[in-house]
Amino acid sequence: MASLLIASCAVALCALVVVLAAEATAVGEVVPLTLLPQAALEKGAVCLDGSAPGYYWKHAGTPAAEKKWIVHQEGGGWCFTEEDCVKRSRTRLGSSKYFAENMTMLHNGFLSRDCKANPVFCDYNLVYMPYCDGGSFSGNRVDPVIYNGTKFYLRGKRILDAVFDEFADHFAQAEEFILTGCSAGGLATYLHADYPLDKLPKTVKYAVLADAGYFADVVNYIGKPAERTRMVGVYKMQNASSGVNQKCISATPVQDQWQCYFAQYTMPHIQSPVFALQSLYDFNQLKTVLNLPCIPPNCSDHYYQIFLHWRTTFLEVFSPFVNGTAKGSGVFADSCVEHCQSVADLHWNKGILVGGQTPHQTFYAWYFNSSTEQHTGREIDCPYPCNHHCPKYPPRNVGAWLGSNFGE
C-alpha cells in the first residue's frame, strides 16, 4: 500500500499519507467519510477528477471539548504539470473514489485520541480534510483543463470554502480553534492561516500549527532556483491568487505575486499566531529544494558539507521564527532528518527533544502561554549531528527519496 501511495505522488511528497498509513492503529473510534453535498459541487468544489471532496469528523471526546476544534489539512505534494494532475486524479490524492469509507488513521501525534500520547488536545473535535486538489487547497481555476482527452479540475480553494461552510454553525460557537497540516498541508496552513478568522467568534482562542510546510525559496546546490520554478508553475496553473493570503497579494506587485505561495513571503502578512514545527534538515527539502543526491551517512565529504550548510541557508529564510519577529510566534525546530512530525507519536510526544522538550511540550507552553524556565514555546536546535534524541533509523520514506529522479 505504501509503495502505491509513493508512486502516485508526482515528487514523492506524500510523506503524510505514508506515515499515517504505516503507523495507524485501531485505537479509538472508526471515523466515517462524509462527502460534500451536491450544493458544494454545484459551486465547483470538486477533486481533480470532478468527484465530491469530503472530510472525516472525529467528534469531541468529552462535553467540555464540544466547542474546541482542530482542522487538519492533509498533505501529499502537488501536481506540477497537466500530465501530473491527470495521473494524480486517478489516485486517492486526486479523487474521492479512492478515499477510505472509514478512517482509522487519526490516532497518532497531535491527532491522537490517546490522552497519554496527546494530553489536552486528545478530546478536541477533529475535522480531517483529505487532499485531492493537488494545490494545497488554493486553486481556483474556473474552467476545467483537458489534457490528452482527460478533463480535470483545479478547485482546492472551493473545497476549503465548502468544508468550512459545512461547519459554519459549529465554528461560529467555537471557544478554541487550531488550524494545522503537514507537508503540502503545512504549506496550506501558512497560506490559509488567517482564513478562519471571520468565521469564528471574536472571543475564540485561535492558533496555527504548521508542520513541515516552510518550503524555502532558495537555489539548489548547483545554484538553480529549482523549487521556485516548480512552485511558480503550480501557482500559475492552479490560478491560486485568490486562494492565498490576500494581504500578501495586495502588497506584492502582480509579477511577483507567486511569492505568496511561499511561507517565507507570506509570514509578514499573517495576523494570526503561528507555531512552526520544522526540521532544520527536512529530508523532503534536502531533495526537492536543495536537490542533494544523497543523505547522511551515505554522502561523500563534498555533499556532506553541502548538507551541513543547509541549516544556515534555511535559518536565513526562517528568520521570522528565529528572530521572533513574527508576532506571537512559537517554534520547535529540530536537527533531525525528518518530515511531518506532528502526526507521529514517536516525534510529537516521545522521542525527539530540543532543550529537553518534546514538540508537544513546546506547543503546549506556547499555546497556553505557560512558558517556564523548563518549558518554553521556542526551541531551535543546534547543528547536526548534535541532537542525540533523533531517531537512529533512516528517515521515513528515505527509499523513495533516494530512488526518485528530481530535475536539477
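Here, a residue is called buried when its relative accessible area is under 20%. Please keep in mind, as you go through these close-ups, that the model is a predicted one.

**View 1. Cys248 and Cys260 are joined in a disulfide.** The two sulfur atoms sit 2.1 Å apart. A torsion of about -90 degrees about the S-S bond makes the disulfide of Cys248 and Cys260 left-handed. Cys248 belongs to helix α9 (residues 246-251), while Cys260 is found in the loop between α9 and α10 (263-266), so this pair ties together parts that are 12 residues apart in sequence. Is Cys260 buried or exposed? With a relative accessible area of 0%, Cys260 is buried. Its partner Cys248 has 1% relative accessibility and counts as buried too.

**View 2. A disulfide links Cys47 to Cys132.** In this pair the sulfur atoms are 2.1 Å apart. The link of Cys47 and Cys132 is left-handed, with -75 degrees about the S-S bond. Which parts of the chain does this pair tie together? Cys47 lies in the loop between α3 (38-42) and β2 (54-58), and Cys132 lies in the loop between β5 (125-129) and β6 (145-147), so the parts joined here are 85 residues apart in sequence. Zoom in on the two ends and you will find Cys47 buried, at 0% relative accessibility, and Cys132 buried as well, with a relative accessible area of 1%.

**View 3. Cys79 and Cys85 make a right-handed disulfide.** Their sulfur atoms are 2.2 Å apart. The handedness follows from the torsion about the S-S bond, which is about 80 degrees for Cys79 and Cys85. Both partners, Cys79 and Cys85, are buried. If you would like to keep exploring after these three views, a search of the whole structure finds 8 disulfides, including the pair shown here.

**View 4. The second largest pocket holds about 290 Å³ of space.** Its lining is made up of 15 residues. Which of them come closest to the centre of the pocket? They are Asp194, Tyr195, Val244, Asn245 and Gln246. Taken as a whole, the lining of the second largest pocket is mixed in character: 6 of its residues are polar, 5 are charged and 4 are nonpolar. For a link back to View 1, look at Gln246, one of the residues closest to the pocket centre: helix α9, where Cys248 lies, covers residues 246-251.

Terms used:
Residues are numbered from 1 along each chain as its sequence is written. This is a predicted model: local features need pLDDT of at least 70, side-chain atom pairs count only at pLDDT 80 or more; totals for chains, interfaces and linings use all residues. Side-chain values use heavy atoms; hydrogens and water are left out. On a 1 Å grid over the protein atoms alone, a cavity is a set of points where a 1.4 Å probe fits but cannot get out, and a pocket is an open set with protein on both sides within 12 Å along at least five of seven lines; lining residues have an atom within 4 Å of a point. Grid points are joined across faces, edges and corners, and a volume is the space filled by probe spheres set on the points. Ala, Val, Leu, Ile, Met, Phe, Trp, Tyr, Cys and Pro count as nonpolar, Asp, Glu, Lys and Arg as charged, and the others, Gly among them, as polar. A disulfide is a pair of cysteine sulfur atoms within 2.5 Å. Helices (H or I, at least four residues) and strands (E, at least two) are DSSP runs, numbered from the N terminus. Buried means under 20% relative accessible area, exposed over 50%, partly exposed in between (1.4 Å probe, protein chains only).
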